[in-house]
Amino acid sequence: YNIGTQSIQVLVDGSVVGTVTPSSSNYAPYALVTGVLAAGNHTITFQGLATTDATAFLDQVAIN
């Protein structure tokens with residue numbers, strides 16, 4: 001039972017690089033283009049934005 005939509009904010013090193021809002025409850029591919037990062041370690045965060053009881057699942061996350 002889906003009562004709301006769960007948008008997911010993507011952050012790199014604490015800065016928002018994009019937001020994804022699934023269009024249905026089915027799995028679907030999404031892509032964000034963030035540009036080139038400097039060499040070194042970086043932190044990627046996926047943050048749910050829903051204020052209601054909503055869930056989105058992530059699968060097959062890839063970094064190119």
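In what order do the 3 strands of the open sheet lie? They lie in the order 2-1-3, and their pairing is antiparallel. Keep in mind throughout this tour that the structure on the screen is a predicted model.

**The whole chain**

Begin with the entire chain selected and shown as a cartoon, where the secondary structure amounts to 0 helices and 3 strands, so that reading from the N terminus gives the succession β-β-β. If you display the C-alpha trace alone, its extent along the principal axes is about 45 × 20 × 15 Å. Colouring the chain by accessibility would show that, of its 64 residues, 16% count as buried. Where contacts are concerned, among those between residues at least 6 apart in sequence, 58% join residues at least 24 apart.

**The sheet and its edges**

Next select the sheet, and return to the order 2-1-3. The edge positions belong to strand 2, residues 15-20, and to strand 3, residues 44-48, each of which pairs on one side only. As you turn the view, look for the twist, which averages 25° from one strand to the next.

**Strand 1**

Now select residues 8-12, which make up strand 1. On one side, strand 1 is joined by 5 bridges to strand 2, and the two run antiparallel; a pair to pick out here is Val-10 with Gly-18, its bridge partner in strand 2. Strand 1 also pairs with strand 3, again in the antiparallel sense and over 5 bridges, and in this case you can follow Val-12 to its bridge partner Ile-44 in strand 3.

Show the side chains of strand 1 as sticks and ask which residues point one way and which the other. Ile-8, Val-10 and Val-12 point one way, while Gln-9 and Leu-11 point the other way. This is the pattern to expect, because side chains in a regular strand alternate between the two faces of the sheet. Both groups are buried, and since 5 of the 5 residues of strand 1 are buried, the strand is largely enclosed by the rest of the structure.

**Ser-7, just before the strand**

Step back to Ser-7, which is found in the segment before strand 1. Is Ser-7 buried or exposed? Its relative accessibility is 16%, and because buried means under 20%, Ser-7 counts as buried. Display its side chain together with that of Thr-21, and you will find the two joined by a polar contact of 2.6 Å. If residues up to four places away in sequence are set aside, Ser-7 touches Thr-19, Val-20 and Thr-21, and also Gln-47, Gly-48, Leu-49 and Ala-50.

**The hairpin turn and Asp-13**

Move on to the turn between strand 1 and strand 2, which form a hairpin with 2 residues between them. Select Asp-13, which lies in the loop between these two strands and has a positive phi of about 55° although it is not a glycine. With a relative accessible area of 43%, Asp-13 is partly exposed, because that category covers values between the 20% and 50% cut-offs.

**The largest pocket**

Switch to a surface view and look for the largest pocket, whose volume is about 1,400 Å³. Its lining is made up of 40 residues, and those that lie nearest its centre are Val-20, Tyr-30, Phe-46, Leu-58 and Val-61. The elements that give two or more residues to this lining are strand 1, strand 2 and strand 3, and strand 1 gives the most, with 3 residues.

**After strand 3**

Finish in the segment after strand 3, where both Phe-57 and Gln-60 are found. Phe-57, at 63% relative accessibility, counts as exposed; if you draw a distance from its C-alpha atom to that of Thr-34, which is 23 residues apart from it along the chain, the separation is 21 Å. Gln-60 counts as exposed too, at 73% relative accessibility, because exposed means over 50%. Its backbone is a fitting last stop, for Gln-60 has a positive phi of about 60° although it is not a glycine.

Definitions and conventions: Residues numbered from 1 in each chain as written. Predicted model: local features only at pLDDT ≥ 70, side-chain atom pairs only at ≥ 80, totals over all residues. Heavy atoms only, no water. Helix = DSSP H or I, 4+ residues; strand = E, 2+ residues; numbered from the N terminus. Buried < 20%, exposed > 50% of the residue type's maximum accessible area, 1.4 Å probe, protein only. Polar contact = N/O pair within 3.5 Å; in protein donor to acceptor, adjacent residues only side chain to side chain. Contact = heavy atoms within 4.5 Å. Pairing = 2+ DSSP bridges. Axes fitted to C-alpha atoms, helices over the stretch in contact; angles between N-to-C directions. 1 Å grid on protein atoms, 1.4 Å probe; cavity = no way out; pocket = protein on both sides within 12 Å on 5 of 7 lines; lining within 4 Å. Points joined across faces, edges and corners; volume = space filled by probe spheres on them.
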